[in-house]
Amino acid sequence: MIKNDAHYEGLAQELRRGALVLAVLSQLNRPEYGYSLKQALSDKGLPINEGTLYPLLRRLEKQGLLDSDWQVVDDARPRRYYQISQKGKEMLRHLAVDWYDMVNVMDGLLEEGIKEK
Amino acid sequence: MKPIELLERYVNEVGHHLPRKNRSDIQLELLSLLQDELEERTPSGKESSLQTAAELLREFGKPEKMAAQYRPEQYLIGPNLFPIYKLVATIVTSVIGGFHGILLLLAFFNGSLAENPLGGLLNIISSFANIALVNLGVVTIVFVLVERYADLSDEQTDETDEWDPLSLPPLNNPNRVKRGEMIGGIVGAIIFLVILNTFGSYSINEQTGLATLVTPEFLAIIPLFSLSLGLDIILKTIVAWQGRWQTWSRWADIGQESFGVFVLYLIVQQPILTLGDFPNLMTRLILGFIIVIVILEIIGKLYRLLVGRPIVDLDMLKGRLASG
């Protein structure tokens, strides 16, 4: 069964990795901390490994696409909350357009590819 | 040990592999995230267990691996600088090698190697290795510092990295031989072979009063010299007829050149000319220089055959594709 193939897992991960930045930016209109974002994405069908997500948030912040600060909410422990910045919103708009274009192209390619099989 | 202590140990270990900048901030955040994850896995009303904490950390991965995710990709010498580093390292090693080749030559001619040739040779090789390693180390350190402190981002190098496709060199199949040149070389070698084998006997037999130019010792080596030339002629004839170098003929070429070096070495051991010490010395010096050059050429050919980029014969590939 192909899903048990080690190559499948690697290739599937590569496929998901390509969409990660877009997924993360799209979910940070409201402030979220790392764990809550991970849960939100997982609940919406995009599970992400913590070793991938948390450093990604830092990287996006360094690139100016996210803002972050430490907050204490409801007397809980201090957490670092992330929210999309103005630059991030603009980036998200452009990436979203690229994404929709790519989806159209991929739909066509896959339809062709599956039909030939 | 309590679960929180295990998490703190993990965060502490990750910190050892993080860059100093933002280290404590990342550690604080990581600890907070780990505590969130641990709470999620612990049934409400119960205390989290050490086992759960350990399982959680296993999923997060080894501390150095987690820390690596927070660091940008690091190179000792990055892909932008590496080609230049390789070129500089090659030049430095070649210059040091060339210098030691001259030392070897001088040692040979001033008699330093006469008593203990192997020991003398080993000394020169050892000196080359030491000096080459030290200099390569210095070159490496310089490039590591440039990589570390100079801004060599891809965006920057891409802007200055313009090139003109029209300036690409023409295709040169290194396996193809220029028949005309090869035949010229063969004819020249045959002429030299004939002269070599007739000149000596002419001078001795005719006794015209002309002094024999070459010594009896040299005359005794002529058969071996002729054999070397003969092998060269045969090999080049075959290669010229086939029109291309192949792996076996490249190995044969190295073998034949090595034999030629051996014969030249035998020649320079003895006096060659009967014209006096100075002409003799100059002739031996020139031959010794030729020996060094040919040895370097042999080393280069060996390197290309064994280690260098494979020689791609496009004509042969095209032929194979056409014939299916």
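A polar contact is a pair of N or O atoms within 3.5 Å; within protein, one atom must be able to donate a hydrogen and the other to accept it, and residues adjacent in sequence count only if both atoms are side-chain atoms. The exercises below apply to a predicted model.

**Exercise 1.** Describe the interface between chain B and chain A.

*Solution.* Begin with the contacts: 17 residues of chain B touch 16 residues of chain A. Next, take the area: the two chains bury about 1,600 Å² between them, with 49% of it on carbon and sulfur atoms. Then turn to the pairs: 13 residue pairs are in polar contact, both residues at pLDDT 80 or more. Helices H2 (23-41), H3 (50-60) and H4 (63-70) of chain B each supply at least two residues of the side that touches chain A. The largest share, 11 residues, comes from H2(B). By class, this side of chain B has 6 nonpolar, 4 polar and 7 charged residues.

**Exercise 2.** Determine which salt bridges Arg41(B) forms with Glu37(B) and Glu59(B), and place them in a network.

*Solution.* With Glu37(B), the closest N and O atoms of Arg41(B) are 4.0 Å apart. These two residues are 4 residues apart in helix H2 of chain B, and therefore separated by about one helical turn. Glu37(B) is buried, at 2% relative accessible area, whereas Arg41(B) is partly exposed at 30%. With Glu59(B), the closest N and O atoms of Arg41(B) are 2.5 Å apart. Glu59(B) lies in helix H3 of chain B, 18 residues from Arg41(B). Across the interface, Glu37(B) also meets Lys38(A) in a salt bridge of 3.0 Å, N to O. Finally, shared partners join Lys38(A), Glu50(A), Glu37(B), Arg41(B) and Glu59(B) into one network.

Notes
Residues numbered from 1 in each chain as written. Chains lettered and ligands numbered in written order. Predicted model: local features only at pLDDT ≥ 70, side-chain atom pairs only at ≥ 80, totals over all residues. Heavy atoms only, no water. Contact = heavy atoms within 4.5 Å. Buried area = accessible area lost by both parts, 1.4 Å probe. Salt bridge = Lys/Arg side-chain N within 4 Å of Asp/Glu carboxyl O. Nonpolar A, V, L, I, M, F, W, Y, C, P; charged D, E, K, R; others polar. Buried < 20%, exposed > 50% of the residue type's maximum accessible area, 1.4 Å probe, protein only.
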